[in-house]
Amino acid sequence: MKEFVEYVLRNLVDFPDEVSVDEVNGSSTIILEIRAKKEDMGKIIGKQGKTINAVRHLVHSLASRNNSRITIEILE
């Protein structure tokens, strides 16, 4: 799942080498932490959060097939 999110986000931004996705395993959920350049944060979030919400929706639907829970957090 981490690779999928990283692939999608790297194709959205101007500085793809600066995008990193870290996976933190919790007891019942997996947290994906996204870091990128400040200039690219607007492209990742999108207007009114539509882009990141679309990515979250895709990840949630893929995770539900595997009976797992995944949360996406954007870090500065």
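Reader: Where is the place of Leu58?
Author: Leu58 sits in helix H3, which covers residues 50-65. Keep in mind that this is a predicted model.

Reader: Why is Leu58 called partly exposed?
Author: Look at the number: the relative accessible area of Leu58 is 42%. Buried would mean under 20% and exposed would mean over 50%. Since 42% falls in between, Leu58 is partly exposed.

Reader: What makes Leu58 eligible for a surface patch?
Author: A patch residue needs over 30% relative accessible area and no salt bridge. Leu58 has 42%, so the area condition is met. Together with Phe4 and Leu62, Leu58 makes a nonpolar surface patch of about 220 Å².

Reader: OK, on to the strands. How do you know that E1 and E2 pair?
Author: Pairing takes at least two bridges. Strand E1 (residues 20-25) and strand E2 (residues 29-35) are joined by 6 bridges, so they count as paired. They run antiparallel, and a hairpin of 3 residues links them. Among the facing residues, Glu23 has Leu32 in E2 as its bridge partner, while Val24 stands opposite Ile31 in E2.

Reader: And how do you know that E2 and E3 pair?
Author: Try the cut-off again: at least two bridges are needed, and E2 shares 7 bridges with strand E3 (residues 69-75), so this is a pair too. Here the sense is parallel. One of the contacts along it has Glu33 with Glu73 in E3 as its bridge partner.

Reader: What makes the pairing in the sheet mixed?
Author: E1 and E2 run antiparallel, whereas E2 and E3 pair in the parallel sense. The result is an open sheet of 3 strands in the order E1-E2-E3, with mixed pairing.

Reader: Why are E1 and E3 called edge strands?
Author: Each of them pairs on one side only. On average, neighbouring strands in this sheet are turned by 25° against each other, ignoring direction.

Reader: Which helices go with the strands?
Author: Helix H1 (residues 2-10) packs on the sheet and touches E1, E2 and E3. The direction of H1 makes about 155° with that of E1. H3, the helix that holds Leu58, lies across E2 and E3 and runs at about 155° to E3.

Terms used:
Residues are numbered from 1 along each chain as its sequence is written. This is a predicted model: local features need pLDDT of at least 70, side-chain atom pairs count only at pLDDT 80 or more; totals for chains, interfaces and linings use all residues. Side-chain values use heavy atoms; hydrogens and water are left out. Patches are made of residues with over 30% relative accessible area and no salt bridge: like charges are joined within 9 Å, nonpolar side chains (Val, Leu, Ile, Met, Phe, Trp, Tyr) within 5 Å. Accessible areas come from the Shrake-Rupley method with a 1.4 Å probe; for residues, only the protein chains shown count as cover. A salt bridge is a side-chain nitrogen of Lys or Arg within 4 Å of a carboxyl oxygen of Asp or Glu. Helices (H or I, at least four residues) and strands (E, at least two) are DSSP runs, numbered from the N terminus. Buried means under 20% relative accessible area, exposed over 50%, partly exposed in between (1.4 Å probe, protein chains only). Axes are lines fitted to C-alpha atoms, for helices over the stretch in contact, and angles run from 0 to 180 degrees between N-to-C directions. Contact means heavy atoms within 4.5 Å.
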